[in-house]
Amino acid sequence: MAERSTATSPPQQPASTEHATDAESAEQADTTTIALTTGSGAAAAKADQANKERAERPRTVELHSGHRLAKRYRLEECITRLDGFSSWRAVDEKLRRAVGVHVLPADHERAPKVLAAARAAALLGDPKFVQVLDAVEEHGLVHVIHEWLPDATPLSTVLASGSLDAHEAYALASQVAQAMAAAHRKELAHLRLTPATVLRTGPGQFRIRGLAVDAALRGITSDTPQRTDTEAIGALLYAALTQRWPYSEGAYGLSGVAGLSKGSRDSLVTPDQLRAGVHRGLSEIAMRAVVNEGATATSQKPPFTSPEEIGQALGELPRIRPPEDTPTGIAGFQRTTYQRGTLANNRPLPPTATRPPAPPEPALPGRTGAALKWGVSALLIAALGLGSWQLADALLKGDNPPPETSEPTGPAVQEEETQPPAPEPVTISDVVEFNPDPGGNSQNPEMVPNVFDGDPDTIWQTNHYVGAGFGNLKEGLGLILDLGEPQTVSSLTVNAVGDTPMQFRVADPDVTDMPTALDDFSTVAEGTGEDLTLTAEEPIETQFVLVWLTDLPVGDDGKYRGRIAEISVSG
């Protein structure tokens with residue numbers, strides 16, 4: 001399965017638990033014997049203390065496939081059983097979907113921290129994290145329910161088949177850095193970012209599981225949580241570029257690299273030195289993030305101290321394009337001799353068989369051929385004679401060929417002169433979000449400048465909603481384009497992400513203050529698409545243009561949101 005981290009545990013009681021039970025029985029018997037034989041108060045007090053400590057000792061909860069939690073979650077397969085807790089793949093019988101479950105005794109010393117971590121992570125609501133769905137203490141058990149992604153693949157499994165290309169590695173580091181920066185702003189840390197907790201959900205798409213909860217389950221703490229997560233992001237990027245783990249001990253199916261262990265004086269080899277063809281900018285960012293036990297990055301720039309700094313450095317890199325498909329998959333593609341290897345190994349290619357030329361078609365045999373030849377010759381002589389007679393007749397009569405008449409050029413010139421001029425772009429002075437419904441909050445105002453910065457790779461997006469109709473919370477929302485002064489407008493071009501229904505609306509020409517109500521705009525045109533141009537029937541004079549989204553497309557993560565890359569207006 002996609003989220004499996006260890007082998008499935010057998011349903012019978014583990015041997016370790018049986019031994020622990022036998023030991024406890026023996027301990028209890030010894031204690032009772034001491035109390036009965038000695039009869040002393042000190043021995044009785046010692047026995048009571050031993051019983052008390054044994055009662056307070058957390059015990060492993062023995063669950064089995066088919067067990068139900070909260071009369072709703074049916075356990076299917078044990079994924080991990082470790083240190084007093086167990087993790088399962090389960091089925092939510094109410095919603096009929098697969099979920100993941102962590103279970104531990106309510107009297108476990110880590111149970112309060114696990115509950116607190118799960119509830120805090122559930123409030124974050126960032127789609128880059130695997131969402132916590134429920135966290136409950138019931139019937140002496142604490143269980144944490146989270147999303148189960150059956151089609152996701154752990155990064156450790158992806159790297160088992162090879163390193164990532166530069167575009168995919170950039171997407172990995174960028175998404176993880178942005179997600180952890182958002183978590184740190186809410187005072188949440190992961191502390192266990194590894195190739196096993198990062199999931200690849202599609203090309204260039206990654207999600208993180210176990211935010212705060214994984215560390216709480218295992219009792220992992222850190223005095224510098226931001227630095228711990230920052231180093232982990234650097235290790236992930238290093239592994240993605242090189243297919244090697246940047247520590248002397250290998251882990252997660254990856255071989256280790258010497259030079260970054262305690263007491264080592266050797267500096268860590270950079271990714272571009274370890275593997276040919278690695279993107280140098282990404283290599284430097286990985287080295288600035290991975291700092292451990294006194295080893296420092298081989299760069300004059302200071303090490304990163306937070307995921308936010310990593311995200312900023314990645315944003316400053318030139319655009320990394322995805323790799324192009326190799327031409328070998330094209331039908332009829334023929335490799336050159338260099339690609340075949342004749343220049344590499346000095347071995348000539350095997351001679352190719354040459355096809356002999358086709359023999360000439362045989363002449364028609366016998367009398368049939370001779371008759372056909374004479375017939376063709378007679379026709380040619382007749383045609384030649386007829387042509388000569390017509391030419392002689394024309395010369396004798398003095399006929400001259402009629403003069404050639406040329407088409408008048410006036411109308412064409414007139415048509416060319418009457419063609420309408422090409423539309424000119426109109427300068428956009430400012431863009432603001434427009435959410436006029438009562439209680440309408442801002443979406444992402446800091447991303448608004450991206451829609452008219454000329455860069456199609458930067459976008460503005462709305463918040464995510466349940467359903468295409470804004471969760472029935474509003475009629476729509478959009479962006480108001482301020483042209484600075486009333487100008488003539490004829491068309492609006494919008495580059496969106498996903499097929500997005502939208503309207504082209506304008507304010508009256510005498511409106512000079514920013515409109516605040518939807519009724520202040522009139523609809524000019526509407527349509528649905530990604531690269532959409534909406535044209536007015538006649539040019540309109542206005543200062544304010546509204547791009548009004550009436551529905552939302554669904555994204556790769558299953559959430560509904562509107563996303564716009566570029567907007568332009570033509571006069």
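Tyr238 is buried in this predicted model, with a relative accessible area of 0%. This tyrosine sits in helix α7, which spans residues 225-242. What lies across from Tyr238 in space, though 65 residues away in sequence? The partner is Ala173, and the two C-alpha atoms are 9.8 Å apart.

One position before Ala173 in the numbering comes Leu172, a residue of helix α5. With a relative accessible area of 1%, Leu172 is buried. Its C-alpha atom is separated by 9.7 Å from that of Leu155, and the two leucines are 17 residues apart along the chain.

Helix α5 also brings us to the charged pairs. Side chains of opposite charge can pair when their charged atoms come close. Counted with a 4 Å limit between the side-chain nitrogen and the carboxyl oxygen, the model has 13 salt bridges. Three of them are set out here.

| Salt bridge | Closest N and O atoms | Relative accessibility of the acid | Relative accessibility of the arginine |
|---|---|---|---|
| Glu168 and Arg200 | 2.6 Å | Glu168, 8% | Arg200, 26% |
| Asp92 and Arg97 | 3.9 Å | Asp92, 1% | Arg97, 37% |
| Asp272 and Arg280 | 3.8 Å | Asp272, 27% | Arg280, 65% |

Take Glu168 and Arg200, whose closest N and O atoms are 2.6 Å apart. This pair links distant parts of the chain: Glu168 belongs to helix α5 (residues 166-185), Arg200 belongs to strand β8 (residues 198-202), and 32 residues separate them. Is Glu168 buried or exposed? Glu168 counts as buried because its relative accessibility is 8%, under the 20% cut-off. Arg200, at 26%, is partly exposed.

The pair of Asp92 and Arg97 also joins a buried acid to a partly exposed base: Asp92 is buried at 1% relative accessibility, while Arg97 is partly exposed at 37%. Their closest N and O atoms are 3.9 Å apart, which is within the 4 Å limit for a salt bridge.

For Arg280 and Asp272, the closest N and O atoms are 3.8 Å apart. Arg280 counts as exposed at 65% relative accessibility, and Asp272 counts as partly exposed at 27%. Elsewhere, Arg68, Arg74, Glu76 and Glu93 are joined into one network by salt bridges that share partners.

Now for the helix packing. Helix α9 covers residues 280-289 and helix α10 covers residues 307-315. Their axes come within 11 Å and cross at roughly 165°. How are α9 and α10 oriented to each other, roughly parallel or roughly antiparallel? Angles over 145 degrees count as roughly antiparallel, so α9 and α10 are roughly antiparallel to each other. The crossing in which α9 passes α10 is right-handed.

The backbone has some points to check as well. Most residues other than glycine have a negative phi. Which value does phi take at His139? Phi of His139 is near 55°, a positive value in a residue other than glycine. His139 lies in the loop between β5 (132-138) and β6 (141-147), and it is exposed, with a relative accessible area of 76%.

Gln243 likewise has a positive phi, of about 60°, although it is not a glycine. This glutamine is placed in the loop between α7 and β10 (244-245). At 25% relative accessibility, Gln243 counts as partly exposed.

On the surface, Leu372, Val376 and Leu380 form a nonpolar patch. Together they have about 290 Å² of accessible area. Leu380 has its place in helix α13, residues 366-397. Why does Leu380 count as exposed? Its relative accessibility is 59%, and over 50% means exposed.

Last comes Asp482, in strand β15, which runs over residues 477-507. Asp482 is buried, with a relative accessible area of 15%. Its C-alpha atom is 8.2 Å from that of Val432, and the two residues are 50 apart in sequence.

How values were computed: Predicted model: local features only at pLDDT ≥ 70, side-chain atom pairs only at ≥ 80, totals over all residues. Heavy atoms only, no water. Patch = residues over 30% accessible without salt bridge, like charges linked within 9 Å, V, L, I, M, F, W, Y side chains within 5 Å. Areas by Shrake-Rupley, 256 points an atom, 1.4 Å probe, with all protein chains shown as cover. Helix = DSSP H or I, 4+ residues; strand = E, 2+ residues; numbered from the N terminus. Buried < 20%, exposed > 50% of the residue type's maximum accessible area, 1.4 Å probe, protein only. Axes fitted to C-alpha atoms, helices over the stretch in contact; angles between N-to-C directions. Parallel < 35°, antiparallel > 145°, perpendicular 65-115°, else oblique. Left-handed = near helix turned anticlockwise from the far one by under 90°.
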